[in-house]
Amino acid sequence: MSRSRIVFSAEYYLMESCGKLFSIEVKHYNHKHIVGIDIHRFDFSKKKHEVCSKVESAKDLAFFVSLEYGWGFCYPTAYTPEIEGNRVYFTLANDGHKILYSYNIEDKEISVSSPFLNLPTLQSSEPDIEEVHLPYLSPDLFELIFRRLCFVDYLHFRATCKWFHSVAPSIQWRLASQRFENLSLSPWLTFLEKDGACAFIDPRCGDKYFISLPQPLKESNVLCGTKHGWLLLIVDDESPFLFNPFTQVILPLPFSDSSIETCTSIGISSPPCTSECVLVVILKKKVGFCMLGDEVWTEKFIKTDFLIDDNSPVFYRGAFYCLGQKGNLAILKLNDEEQEGTFAVTFDVLTKPKPPCTGYIQNFLVECDGELLSVFVGPFGKWVRVFKLNESKMTWIRVESLGDYMLFLSSKSSFSAKAQTPGMENKIYFPRFCGQSIVFYSLETSKYQSFQSEDVVDFYSSREKLDCCWIEPRWC
């Protein structure tokens with residue numbers, strides 16, 4: 001006679017309480033009958049073979065698991081005596097998960113648990129919610145959460161309740177560039193809306209935010225570029241302004257040339273709120289310069305046949321570098337003249353380095369971690385290649401990885417940033433969308449992807465956003 005064998009399943013749960021990490025294994029038959037429950041605690045301060053130990057008793061803890069939904073949590077019973085400790089609470093499918101059972105960890109017995117009739121009633125008022133729930137969570141766990149939030153979500157986190165407000169430190173946003181090292185403030189994609197607003201899209205989560213333009217800029221119809229958190233806007237096809245959407249500061253520019261409306265991209269040496277700021281605007285067959293000195297802007301134009309396409313000048317080691325349509329470099333330098341308040345401009349097209357590749361349809365120039373990088377994109381995005389300038393030999397060297405850095409590329413602005421959010425590093429972000437998600441190119445996989453979908457993005461099915469640029473949120 002052969003024996004039939006009953007096959008059991010097991011569910012595993014990982015949970016934390018007051019700095020202690022536990023795992024629970026629940027053995028069951030079709031979620032209808034419990035065969036056994038084992039609890040282990042992890043202590044990584046011990047030797048390797050002693051890290052995991054079986055829990056025989058846990059009088060100050062109650063464990064709750066859901067076989068139906070696959071989640072669990074641990075609760076310190078010292079805060080609520082009505083909940084008996086040393087127990088694992090669960091429901092079963094054979095009674096529709098309507099009856100609460102408890103497993104006695106010491107006695108290894110299962111019984112029907114009495115309803116928790118005397119628990120404090122949760123009110124909608126904020127203090128009661130905090131008193132019942134929040135103090136049981138470790139401050140380290142809170143920090144782990146808010147350190148991974150984007151800028152706007154961080155503000156929402158602090159505004160949720162008094163407890164969140166106390167555990168998440170306040171930020172002096174005007175010093176945000178110095179204080180955000182531990183917060184995941186990534187650049188945003190920005191563009192103008194028809195209703196006189198500036199839209200921003202977070203590349204990680206896809207959230208969309210809006211900032212209204214002040215009245216003098218409501219009629220802005222051209223977004224020329226951005227740098228250091230400032231936008232160059234053209235109002236009524238002729239009046240150029242620098243505008244910081246985060247501080248709402250407006251700086252009129254003195255450009256008198258009507259061709260300013262043909263501006264395709266800009267370069268800025270330093271934030272316009274500082275002295276010695278130099279602004280470069282790329283126009284059709286000429287380059288415009290604007291220098292801030294003693295709070296007075298002065299302008300100058302030079303003609304050139306050097307063609308710049310789909311990229312913006314980069315201020316690098318005291319000069320502006322431009323990458324031409326043919327893949328060659330040009331340098332724009334400014335030198336003070338003897339007469340106070342004037343400056344001389346030199347524009348040199350370099351014979352080296354030679355273009356590192358051919359057959360591309362787009363190229364970009366960007367500074368990254370003290371290095372000058374060029375990025376070339378093949379037809380229909382079939383390939384993306386990154387190169388680093390070897391200044392001693394004046395040649396381009398192929399780059400296979402960006403490490404912890406990420407690149408944000410567009411025709412109106414391109415720059416790099418060090419990733420603060422895990423998973424954003426070693427990627428190139430483009431102003432392209434797949435559904436509502438921003439598309440990036442991963443140097444690790446050599447494929448286009450998005451955060452909202454695990455599938456590889458087909459370049460042909462993505463959409464390119466025009467008249468937009470990347471912006472670094474700044475409060476100065």
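User: What makes Tyr101 and Ser102 count as contacts of serine 111?

Analyst: In this predicted model, a contact requires heavy atoms within 4.5 Å. Once neighbours within four places in sequence are left aside, serine 111 is in contact with Tyr101 and Ser102. Serine 111 itself belongs to strand β9, residues 109–112.

User: Why is serine 111 called partly exposed?

Analyst: Its relative accessibility is 39%. Buried means under 20% and exposed means over 50%, with partly exposed in between. Serine 111 therefore counts as partly exposed at 39%.

User: How far from serine 111 is tyrosine 89, in sequence and in space?

Analyst: The two are 22 residues apart in sequence. From C-alpha to C-alpha, serine 111 and tyrosine 89 are 9.8 Å apart.

User: Why does serine 453 count as partly exposed?

Analyst: The value for serine 453 is 31% relative accessibility. Set against the limits of 20% and 50%, serine 453 is therefore classed as partly exposed. Serine 453 is in the loop between β33 (447–449) and β34 (463–464). Cysteine 434 is 19 residues from serine 453 in sequence and 9.1 Å from it in space, C-alpha to C-alpha.

User: Why is strand β14 described as largely enclosed by the rest of the structure?

Analyst: Strand β14 covers residues 230–235, and six of its six residues are buried, so the description follows. Buried here means under 20% relative accessible area.

User: How do you know which residues cover each face of β14?

Analyst: Trp230, Leu232 and Ile234 lie on one side, while Leu231, Leu233 and Val235 lie on the other. All of these are buried, and both faces of β14 are covered.

User: What makes β13 and β14 a pair, and in which sense do they run?

Analyst: Pairing needs at least two bridges between the strands. β13 and β14 have six, in the antiparallel sense, so the requirement of at least two is met. One bridge joins lysine 227 to tryptophan 230 in β14. The two strands form a hairpin with two residues between them, and histidine 228 in the turn has a positive phi of about 55°.

User: Which residue stands opposite valine 235 in β15?

Analyst: Serine 239 takes that position. β14 and strand β15, residues 239–244, pair in the antiparallel sense over five bridges.

User: Why are β12 and β35 said to stand at the edges?

Analyst: The sheet is open, with four strands in the order β12-β11-β10-β35 and antiparallel pairing. β12 (208–212) and β35 (468–471) each have a single partner strand, so one side of each lacks a neighbour in the sheet. The twist from one strand to the next averages 30°. Within this sheet, strand β10 (residues 188–192) and strand β11 (residues 197–201) pair over four bridges in the antiparallel sense. Leucine 192 stands opposite cysteine 198 in β11.

User: What makes β25 and β28 edge strands?

Analyst: Another open sheet has four strands in the order β25-β26-β27-β28, with antiparallel pairing. β25 (362–368) and β28 (395–399) are its edge strands, each pairing on one side only. The twist here averages 30° from one strand to the next. Strand β26, residues 371–377, is joined to strand β27, residues 384–390, by five bridges in the antiparallel sense. Valine 377 stands opposite valine 384 in β27.

User: How many cavities of 30 Å³ or more does a search of the whole structure find?

Analyst: There are two. The largest contains about 70 Å³ of space, and the second largest has a volume of about 50 Å³.

User: What makes a residue part of the lining of the largest cavity, and which strand gives the most?

Analyst: A lining residue has an atom within 4 Å of a cavity point. Residues including Thr226, Lys227, Ile268, Phe315 and Lys412 line the largest cavity. β17 gives the most, with three residues. β13 (220–227), β17 (265–268) and β21 (314–316) each supply at least two. The lining divides into five nonpolar, five polar and two charged residues.

User: How do the residues of the lining of the second largest cavity divide?

Analyst: Five are nonpolar, none is polar and four are charged. Asp, Glu, Lys and Arg count as charged, and the lining includes Asp38, Lys54, Glu56 and Lys108. Strand β3, residues 33–42, gives the most to this lining, with three residues.

Technical notes
Residues are numbered from 1 along each chain as its sequence is written. This is a predicted model: local features need pLDDT of at least 70, side-chain atom pairs count only at pLDDT 80 or more; totals for chains, interfaces and linings use all residues. Side-chain values use heavy atoms; hydrogens and water are left out. On a 1 Å grid over the protein atoms alone, a cavity is a set of points where a 1.4 Å probe fits but cannot get out, and a pocket is an open set with protein on both sides within 12 Å along at least five of seven lines; lining residues have an atom within 4 Å of a point. Grid points are joined across faces, edges and corners, and a volume is the space filled by probe spheres set on the points. Axes are lines fitted to C-alpha atoms, for helices over the stretch in contact, and angles run from 0 to 180 degrees between N-to-C directions. Buried means under 20% relative accessible area, exposed over 50%, partly exposed in between (1.4 Å probe, protein chains only).
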